[in-house]
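Biologist: Please take one close look at the aromatic side chains of this model and at what surrounds them. I would like a single connected account, with the cut-offs stated as you go.

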Amino acid sequence: MGHTPGVRQARKEQTRRALMGAALRLLEHQGLSGLGLREVTREAGMSPAAFYRHFPSVEELGAALVEEAFGSLHAMLRATRAEQAGTDEVIRRSVEVTVRYVGLHRAHFRFLARERYGGVRAVREAVAAGFRLFSDELAADLAAQPESAGWAEADVRMLADLFVDLMVATAAALLEVPPGDRAAEERVADTARRRLRLIGLGRRHWLEA
């Protein structure tokens with residue numbers, strides 16, 4: 001008896017996720033440009049033929065990993081920005097979100113950090129597009145705030161890029177913290193909060209310069 005479409009789809013998705021999980025484990029120690037299809041299928045316990053039923057190439061697999069990595073991070077940051085809070089509270093929550101994301105998704109962010117300047121062009125461009133979307137959304141939020149009255153659009157975008165670059169740098173620093181080292185993690189978080197506060201102070205006096 002044949003399986004129902006729902007069961008077949010669930011198994012197909014399970015196989016796809018197994019391939020992505022295998023690739024992510026291998027990418028803990030190497031870049032995507034050095035990853036082979038047979039390495040991935042061997043790690044997943046599948047045949048190379050199974051790979052092609054889900055991804056045309058390793059590059060397409062990499063693009064799927066980028067989409068997966070950004071999906072959860074976008075959701076977390078959007079929820080933080082949507083909350084009504086003062087500047088200091090938003091700073092605190094933004095840092096908390098970054099720390100929590102890296103704690104939950106170390107392999108995903110390590111992959112993004114490496115492939116941001118990696119050797120696979122399509123994946124590098126996908127990572128750049130993901131971070132650019134962060135800046136686009138943040139710039140729109142910043143432009144709507146009273147503190148941005150009188151600001152040029154290019155300056156608002158520059159401010160958004162500063163915030164995004166700082167949070168990316170913070171996440172990269174957190175990757176260097178040994179899992180479970182709360183003191184070192186807090187030092188990274190405190191540095192991020194101080195830097196964000198400095199950017200905020202500069203923002204308040206930007207039009208006076």
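Modeller: Leaving aside residues up to four places away in sequence, Phe 109 touches Tyr 101, Val 168, Ala 171, Ala 172 and Leu 175, where contact means heavy atoms within 4.5 Å. This is a predicted model, in which local features need pLDDT of at least 70 and side-chain atom pairs count only at pLDDT 80 or more, while totals for chains, interfaces and linings use all residues. Residues are numbered from 1 along each chain as its sequence is written, and side-chain values use heavy atoms, with hydrogens and water left out.

Phe 109 lies in helix H6 (helices, H or I with at least four residues, and strands, E with at least two, are DSSP runs numbered from the N terminus). Because its relative accessibility is 3%, Phe 109 counts as buried (buried is under 20% relative accessible area, exposed over 50% and partly exposed in between, with a 1.4 Å probe and protein chains only). Its C-alpha atom is separated by 7.9 Å from that of Ala 172, although the two residues are 63 residues apart along the chain.

Beyond this residue, the structure holds seven aromatic pairs (rings of Phe, Tyr and Trp, the last by its six-membered ring, pair if their centres lie within 6.5 Å, and planes under 30 degrees apart count as stacked, over 60 as edge-to-face and the rest as tilted). In one of them, the ring centres of Phe 70 and Phe 131 are 5.0 Å apart with the planes at 85°, so this pair is edge-to-face. It links distant parts of the chain, with Phe 70 in helix H4 (residues 58–82) and Phe 131 in helix H7 (residues 121–143), 61 residues apart. Phe 70 counts as buried at 5% relative accessibility, and Phe 131 likewise counts as buried at 6%.

Phe 70 also pairs with Phe 134, the ring centres being 5.6 Å apart and the planes at 70°, so that pair too is edge-to-face. Here again distant parts of the chain are linked, since Phe 70 belongs to helix H4 and Phe 134 to helix H7, 64 residues apart; both Phe 70 and Phe 134 are buried.

Returning to Phe 131, the charged end of Arg 116 sits over its ring, 4.7 Å from the centre, by the criterion that NZ of Lys or CZ of Arg is within 6 Å of the ring centre and within 35 degrees of the ring normal. Elsewhere in the sequence, Phe 51, Tyr 52 and Phe 55 form one aromatic cluster.
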